[in-house]
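Please open the model in your viewer and keep the selection tool at hand. The tour below suggests what to select at each stop and tells you what is there.

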Amino acid sequence: MKQVVQNYRSGELSVLDVPVPGCKPGGVLVRSAFSLISTGTELMKVSEAGMSMLGKARSRPDQVAKVMQSVAVNGLPATYRKVMGKLDSYTPLGYSLCGVVEQVGAGIDDVKVGDLVACAGNEHALHAEVNWVPRNLYTPVPDGLAPRHAAFGTVGSIALQGVRQGEPQLGEVALVIGLGLIGQLVAQLLTAAGVRVVGADPDPVRCELAERLGAVACGDPGSAAVENAVAELTGGHGVDQVYLAAGGGSNQPVELAAHLARDRGRVVDIGKCRLDLPWNAYYEKELDVRFSRSYGPGRYDPEYELDGRDYPIGYVRWTERRNLACFLDLAARGRVDVEPLISRIADFEDAVETYRRLEDGELKAVAVLFRYPGEAGDEPARAPAVAVPAVRRAAPASAPARPSGSPVRLAFVGAGNYATSMLLPHLARREGVALSAVVTTTALSAANAQRKFGFAHATTDLDAVLGDGTIDAVFVVTRHSSHAELTRRALLAGKTVFVEKPLALTEDELAGVLAAVEESGNDRLQVGFNRRFAPLLREARARFGARTGPASLRYLVNAGRLQHGSWYLQQGTEGSRFAGEGGHFIDTASWLLGADPVSVYAVAPSGNEDLQIVLRYPDGSTATLSYVTAGAPGFPKETLDLVADGKVLKLDDFVRASVYFESTAGGKRWVSSRLPKARDKGQSAELASFVKAVRTGGPMPVPLESLVATTAATLAVQAALTGGAPVALARSL
């Protein structure tokens, strides 16, 4: 098998062929699926190995003291041979992984061959294809938790043990200094425990990531932003706990902790940072300084870790193994979200190059995973695929036309901001439309919508609306996580459905919608991809005309930052921000190019929502979508360029459009009016087309096959980010 090793004397990293470990009693053999690089601890070790002998001595004074003691006892020659022999040998790397049990040792009865387990330990959860792991250093992975997420188990346990040492209580305020991998997890765990978190880190990208994942405010520790946030949240008293998750030689973290902690606050050291405690500051506040020892009780105890002797739960509630299981449970239930922390997933065979890029700073990362080949949990990096399900219908799709003069009766499920600002104002004043019912989860919001837009009925009873035979169409305008299920139910009830994007957040949800179409024969579905209906863009497309060769399309979406507390940030339940609205832009590109994409590639900066996406189309055309959140708010939100056959189409935020032509007489162009009446992104025209389809029984505005392809392409973006390779969109037969 292969294993990552390092020569501590020379600093050389390599992937060696080594024997497969034996399966000893009291443990299991685990074939790795994913292992996590600790971008803090491991990189520090790798960096130390590259130092001179003097540099190594300066970085590890504790080891120097041991050497001097050995010299006094054994003499210089013997000590020199011992030290050089130890330095000039291979040492392993890694301590956090997920894999599949391949063999069970004697005395093990809690797992079996084929089970997925998370493993811990710097001697047992190594960057190696196979590891032997003793009983108390593995735990089964909960159902539904992805292997790559379970690989965070050990570092999650370290963060969890640190939080336990702080003894947080509901409603308290905590300061997390250092927002690397451990700090990000500490912040999420505290948030899950009902603690308001302020973060401090000099990296603005990490600060933004922590805020996106629940921190109240984050900033540079040297700025006034952190101090101001603490003062506002605590009424000037200071935070209840400080968690030191920073590394390095600066004493700033412990000084900042003393400055911002309240009287008799708690300071917990988790990272390896300088700890020259300013005596007066800590004495005057009587600060309680605590240390967090790695994964929890049992760490460094050979009887616990190697012999499998557990501590009674009545005496030690949270051991290493129980912490590991607890963190995995939190991740499985969506209370902790590790997906945004993954900066890259690298093939195990590229381990040496990955470490080099990390050490050189070429790859800036919060978390990096190694993916292992083989059957055990492998997610191949080479041409992964996302299925584009085929649309099957139990009977020919058709819908009766409405009787002449009979209004189209509509029901709304959900009456939030988008529904009340972008959809209902157009429908309320449209002739031939009757707003029959509005369904919301709270009675007051339904009553408000009824009052503002004239719904005949307001209710919280969805079943009654779906069972009402007089209602022709149902609008699903709720939070993203409910779209697929509500659409499925409405289709089965025989309703024409307009669902605001996204149609689905997972492949399973998309398959469920299509199963309802097949079961009912009802394919009367529209997704709110309104931009293809925008009058300005449609005119520009008509002016551009037909094309014969492949096209290049560039689409910049200056999405901007979300306000803290926005439900769009609830990725654990509502999906990523791009999953929620990215279909808009993919649909627009596909409509302009006249086809559905065949592959998707995506990359993202470390810890950032900004995305660069490349869509490839059957005729060789490409669309590059830049979805950015860090741009200036005054810059237009959407700009688009389409180039083909000597022509260029340019769209400026649905305010102005132009088309440039190549001709023998020289260039010419068409330019839209400089003074448009308003920015029109197509909602009105889309709704008119939908209502017409319902009234006449004619074709839906967009073929269902196209809606499915766009949804699958949107889902493929996350798969491409995770796998680090282009994702093929495989059409089902």
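Begin on the surface of this predicted model by selecting Leu275, Leu277, Val289 and Phe291, which together make a nonpolar surface patch of about 320 Å². Keep Leu275 highlighted and follow the chain on either side of it, and you will find that this leucine lies in the loop between strand S13 (261–269) and helix H11 (279–285). Is Leu275 buried, partly exposed or exposed? Its relative accessible area is 31%, and because a residue counts as buried only under 20% and as exposed only over 50%, Leu275 is described as partly exposed.

Now zoom out to the whole protein, where you can colour 24 helices and 32 strands. Of its 733 residues, 52% count as buried, while the protein exposes about 31,600 Å², with carbon and sulfur atoms supplying 53% of that area.

Next, go inside and select Leu553 and Ile613, the residues that touch the most other members of the largest nonpolar core, which has 77 residues. Select helix H24 (residues 704–723) as well, since the largest share of this core, nine residues, comes from that helix.

Stay with Ile613 and display its surroundings: leaving aside neighbours within four places in sequence, this isoleucine is in contact with Phe578, Val600, Tyr601, Ala602, Ala623, Thr624, Leu625 and Val717. Apart from this core lies another one, of 53 residues, and to find it you can select Ala118, Cys218, Ala245 and Tyr295, which are among its members.

Finally, return to the full view and consider the contacts between residues with a separation of 6 or more, of which 69% join residues 24 or more positions apart.

Conventions
Residues numbered from 1 in each chain as written. Predicted model: local features only at pLDDT ≥ 70, side-chain atom pairs only at ≥ 80, totals over all residues. Heavy atoms only, no water. Core = buried A, V, L, I, M, F, W, Y, C linked by side-chain atoms within 4.5 Å. Buried < 20%, exposed > 50% of the residue type's maximum accessible area, 1.4 Å probe, protein only. Helix = DSSP H or I, 4+ residues; strand = E, 2+ residues; numbered from the N terminus. Contact = heavy atoms within 4.5 Å. Patch = residues over 30% accessible without salt bridge, like charges linked within 9 Å, V, L, I, M, F, W, Y side chains within 5 Å. Areas by Shrake-Rupley, 256 points an atom, 1.4 Å probe, with all protein chains shown as cover. Salt bridge = Lys/Arg side-chain N within 4 Å of Asp/Glu carboxyl O.
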